Amino acid sequence: MSESKLAGQFFDAAIGLLRRVRDEEAGSIAAAGEAIADTVASGGRLFAFGAGHSSLPAQDVVYRAGGLALMNLLAVPGVVGVDVMPATLGSALERVDGLASAVLDTGPLRRGDLLVIISLSGRNALPVEMAMNARALGITVIGVTSVAYTEGTTARNPSGTFLKDHCDIVLDSKIAVGDAELTHEGIEAPFAPASTVVTSALMQATLAAAAERMVERGIEPPLLRSGNVDGGHEWNGRVMREYADRIFYRR
């Protein structure tokens with residue numbers, strides 16, 4: 001069977017985006033890593049939030065082999081994934097004004113914590129209000145979004161602003177409006193989204209930068225090991241006991 005030209009084109013597109021992010025976002029990634037290291041050093045807690053498919057890169061850094069044990073998922077019922085029925089409900093909830101306030105008022109975040117908010121378009125009420133309200137509470141906000149959407153779409157929230165307008169640090173995924181890298185004769189809609197690949201890479205690169213900064217300060221990064229290697233469970237148990245007051249996914 002001959003190889004697929006379209007499959008190869010998708011890999012080329014994804015690799016091109018990853019190179020752009022590596023080269024153009026290097027300074028922002030370093031700054032985000034520094035902010036995470038600052039939070040860990042000062043006793044703060046780490047959280048990641050994303051709605052819909054933007055929740056996938058957030059979930060990818062929580063309770064993850066090779067990841068920071070202190071990264072917690074800020075879960076909003078109904079918007080985390082496509083398990084809610086109907087799946088369109090999650091998209092509708094992302095546009096509800098005031099939901100972010102309820103989440104922050106009843107959730108565990110407090111002054112001195114850090115929140116990564118992932119939203120490809122950054123235009124809906126939930127991520128925008130989440131960023132605005134979190135910063136008002138003294139929480140450091142890192143936004144992971146596509147700046148292209150601010151130029152190619154209109155905001156859907158009452159403030160008329162985007163996620164990037166309310167963050168301490170912005171990581172631009174460079175994803176084009178519509179999140180589809182390929183077109184082909186005979187296929188009417190563009191297809192092959194790359195946002196999850198690129199955003200997950202941005203998250204992992206940022207945590208690598210954070211670990212680097214922690215080592216420079218003499219702090220052992222609280223990393224998890226795979227439970228499928230000898231000694232992994234024992235290692236993870238030690239880390240979780242040491243940082244029990246900053247880990248929420250075990251409670």
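Reader: In this predicted model, what share of contacts between residues at least 6 apart in sequence joins residues at least 24 apart?

Author: Take the contacts in the protein chain between residues at least 6 apart in sequence. Those that join residues at least 24 apart come to 76%.

Reader: How does the radius of gyration sit against the globule rule for 251 residues?

Author: First, the ingredients: the protein chain has nine helices and seven strands. For 251 residues the globule rule gives 18 Å, and the chain comes close to that, so it is as compact as a globular protein of that length. Its C-alpha trace spans about 55 × 50 × 40 Å along the principal axes. The radius of gyration itself is 19 Å.

Reader: What percentage of the exposed area do carbon and sulfur atoms supply?

Author: Buried residues are 45% of the 251 in the chain. The chain still exposes about 12300 Å². Of that area, carbon and sulfur atoms supply 53%.

Reader: How far apart do the centres of the positive and negative side chains lie?

Author: Count the charges: there are 22 positive and 29 negative side chains. Take the centre of each set, and the gap between them is 5 Å.

Reader: Is G232 buried or exposed?

Author: G232 sits in helix 9, which covers residues 232-242. Its relative accessible area is 1%, and the cut-off for buried is under 20%. So G232 counts as buried.

Reader: Which residues is G232 in contact with, leaving aside neighbours within four places in sequence?

Author: T154 is 78 residues from G232 in sequence and 48 Å away in space, C-alpha to C-alpha. With those sequence neighbours set aside, the contacts of G232 are R225 and S226.

Methods
Residues are numbered from 1 along each chain as its sequence is written. This is a predicted model: local features need pLDDT of at least 70, side-chain atom pairs count only at pLDDT 80 or more; totals for chains, interfaces and linings use all residues. Side-chain values use heavy atoms; hydrogens and water are left out. Helices (H or I, at least four residues) and strands (E, at least two) are DSSP runs, numbered from the N terminus. The radius of gyration is taken over C-alpha atoms; the globule rule is 2.2 Å times the number of residues to the power 0.38. Buried means under 20% relative accessible area, exposed over 50%, partly exposed in between (1.4 Å probe, protein chains only). Contact means heavy atoms within 4.5 Å. Accessible areas come from the Shrake-Rupley method with a 1.4 Å probe; for residues, only the protein chains shown count as cover. Lys and Arg count as positive and Asp and Glu as negative; His and the chain ends are not counted. The place of a charge is taken as NZ of Lys, CZ of Arg, CG of Asp or CD of Glu.
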